[in-house]
Amino acid sequence: MLELLRKKQKSVLIKLVFWAIIGTFVGTIFLVWGKGRDGEAEDTSTAFTVNGTAISTGDYQTTQRNIAQFYQNIYGNSYNAEMEKQLNLPQTAYDQLLRQVLLEQEGNRLNIEVSRQEVIDAIAKIPAFQQNGAFDRATYVQVLEYQRMTTEEFEASQKRSLFAEKAQAQITAGASVNDADIDAEFRKRNEKINLSFAKLAPALFEKKVVINDAALETFYADHQEEFRTPEKVALSYLQFDPANYAGDVQLDEQEIERYYKRHIDLYAIDEQIKAAHILIRIDQNASEAVRAEKRKLAEKVLEKARAGDDFGQLARKYSDDTGSATRGGELGYFKRGSMVPEFEKAAFALNPGDVSALIETQFGLHIIKAEGYIEAGEKPLADVYDAVKAGLRAEKAEAIAFEKAMDTYNINRKNGDLTKAATDAGLTPTETGLFARNETIAGLGDQTEITAAAFALRDGELARPLRVGNQTILFALKQRQPSTIPPLADIKNAVADAYRKQQSIGLAETAAAALLAELKTGKSLAAVAGKEKLTIEETGLFARSYGAFVPRIGENSRLADAAFTLTAAAPVAPEVYDIAGQFVVATLKARTEADMTLLDASKREELRTAVLEQKRQDLLKTRIDQLHAEANIVPSASLLSLGVKP
């Protein structure tokens with residue numbers, strides 16, 4: 001059993017170790033993982049250049065895919081298209097690559113070097129590559145093979161990571177901390193204030209806006225670009241479905257075994273226990289007398305169970321778990337992590353047929369009977385042979401589908417004739433309908449790579465095949481609808497809505513300014529807000545360590561800074577703050593000073609470490625920002641089409 005557990009842990013470790021490495025060196029993802037997918041031709045076109053260093057589109061797309069996979073690994077089923085949009089992966093991938101290139105160029109300027117021995121020592125320290133605390137080359141190779149990487153590729157990535165570490169260390173070497181810095185940080189964390197505030201939302205003023213044709217015409221003349229319809233395109237595409245090529249797949253036993261080993265985690269068996277239980281429920285607020293009575297009953301039932309009475313009948317008669325009592329207390333098989341800790345620990349300690357002692361949880365007293373056990377391990381190849389063959393067949397069919405698409409593309413790319421390509425491939429073209437850059441594609445969904453390629457296509461040109469899920473798509477431009485500015489008459493209602501919103505913003509801001517002026521004369525917030533029927537709210541106590549965030553108000557560095565300068569004699573924040581489209585006025589409600597007597601030697605040392613690290617990060621950011629500002633960056637049109645800001 002111990003050997004099976006060891007294997008199980010190792011298979012899980014293989015899955016997780018690379019995400020741990022990515023988490024540590026996320027800025028070097030494209031250098032670690034900069035390979036095209038198996039069977040794909042590498043895209044060597046340029047996404048952008050930095051001081052003459054070219055970053056290929058293939059590396060950029062690989063980075064974007066791997067960052068997406070990184071977040072999928074973190075968020076699991078919670079990761080969706082909306083979250084992906086919020087993460088802004090095109091910009092994130094660009095920022096990561098740019099930062100890495102700038103850091104590498106700075107490291108070269110600083111004459112930083114990484115020796116072969118340093119790389120070897122760093123890899124040897126990674127726990128995933130060790131057995132019994134020592135580096136094990138067989139384990140090292142196995143983990144890399146799982147990710148389809150060679151030792152040369154991984155070692156090159158580690159060298160770049162070490163190079164980046166050294167560059168960062170040299171850039172931040174000047175950071176230092178003195179006692180005044182520590183005192184300031186302690187005050188920052190422990191001095192707290194509470195603000196009273198009122199928000200003036202423009203929506204409250206929309207009914208006061210007067211609209212006429214002359215005003216709309218003037219407004220539209222000044223804001224025509226805001227109503228411009230975006231450029232749209234429609235595609236014709238061929239879908240190379242792997243299912244159509246499954247019959248062409250040839251399998252041999254060696255391939256089947258390799259696939260099984262490469263996907264061993266798919267065939268893992270979790271440790272499981274089959275159990276039944278009897279619950280004598282005890283309310284958490286029960287008196288000691290009631291508890292004693294319940295325990296006495298539980299001990300009586302336990303004695304019967306251990307004497308050989310039918311456990312199922314005992315459960316039906318005595319158990320307060322109505323869900324399982326009708327089944328004789330049966331819980332079936334369950335894995336670790338499925339039950340509360342006390343129950344689970346006791347259940348997994350039993351052998352089949354054993355009855356536990358009384359186990360107390362927040363629900364009451366349990367009597368557990370173990371009825372079966374499954375060891376952790378992996379299903380043997382013989383038991384999953386058909387599933388392995390199906391998985392391998394699907395994988396090879398995907399590769400064949402991609403090869404067919406590439407062959408069709410290469411034969412027809414010069415003439416750009418999708419109709420002929422369809423005939424050659426024996427497929428029927430599908431049309432998407434018109435879509436803009438920020439819209440999903442009918443039939444294909446939200447596909448940033450296809451969108452970027454579609455808007456870069458010329459008439460009569462085929463795009464390189466791209467994958468959508470397990471399908472491969474070959475496409476061409478069907479129609480292009482240029483961007484236009486519509487006549488006012490066609491969109492009068494939309495223009496009126498926009499005008500109303502614009503004017504209401506001005507009215508809300510004016511009202512907020514008037515309210516602030518009254519506050520500065522010495523009137524209370526309650527008095528002046530009451531006239532506008534505004535609700536007065538409070539932030540609650542918060543510290544400077546919140547940074548630019550003000551509780552219940554939002555992000556605003558100007559208000560956050562001004563808030564800690566307010567006093568009882570001068571309690572009014574000096575300006576109106578536009579936060580998330582609402583206008584905020586605020587006054588000091590209460591202040592609590594930091595108790596400096598609590599800053600003992602232990603706390604001082606803790607803060608020294610934190611402040612030093614923050615100073616290092618600030619130095620690094622300042623230098624990267626400076627390098628960015630000085631850099632000659634040339635983005636490609638396709639990169640800009642994704643909304644990336646260089």
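Me: What makes Glu431 the bridge partner of Ser236 part of a strand pairing?
Reply: In this predicted model, Ser236 has Glu431 in strand 13 as its bridge partner. Strand 6 and strand 13 (residues 430-431) are joined by two bridges in the antiparallel sense. Two strands pair if DSSP finds at least two bridges between them, so strand 6 and strand 13 qualify as a pair. Strands here are DSSP runs of E with at least two residues, and helices are runs of H or I with at least four, numbered from the N terminus.

Me: Which strands are joined to strand 6 by nine bridges and by two bridges with Lys232 standing opposite Ala436?
Reply: Strand 16 (residues 471-481) runs antiparallel to strand 6 and is joined to it by nine bridges; Ser236 stands opposite Ala476 there. Strand 14 (residues 435-436), also antiparallel, has two bridges to strand 6, with Lys232 opposite Ala436.

Me: Why is strand 6 called largely enclosed?
Reply: Buried means under 20% relative accessible area, exposed over 50% and partly exposed in between (1.4 Å probe, protein chains only). Seven of the nine residues of strand 6 (residues 232-240) are buried, so the rest of the structure largely encloses this strand.

Me: How do you know that the buried residues of helix 7 line one face?
Reply: In helix 7 (residues 137-146), the buried residues are Thr139, Tyr140, Val143, Leu144 and Tyr146. Down the helix axis they fall within an arc of 155°, so they line one face; the arc is that of the directions from the axis to the C-beta atoms. Ala138 and Glu145, on the other side, are exposed.

Me: On what basis are residues numbered and local features accepted?
Reply: Residues are numbered from 1 along each chain as its sequence is written. Local features need pLDDT of at least 70, side-chain atom pairs count only at pLDDT 80 or more, totals for chains, interfaces and linings use all residues, and side-chain values use heavy atoms, without hydrogens and water.
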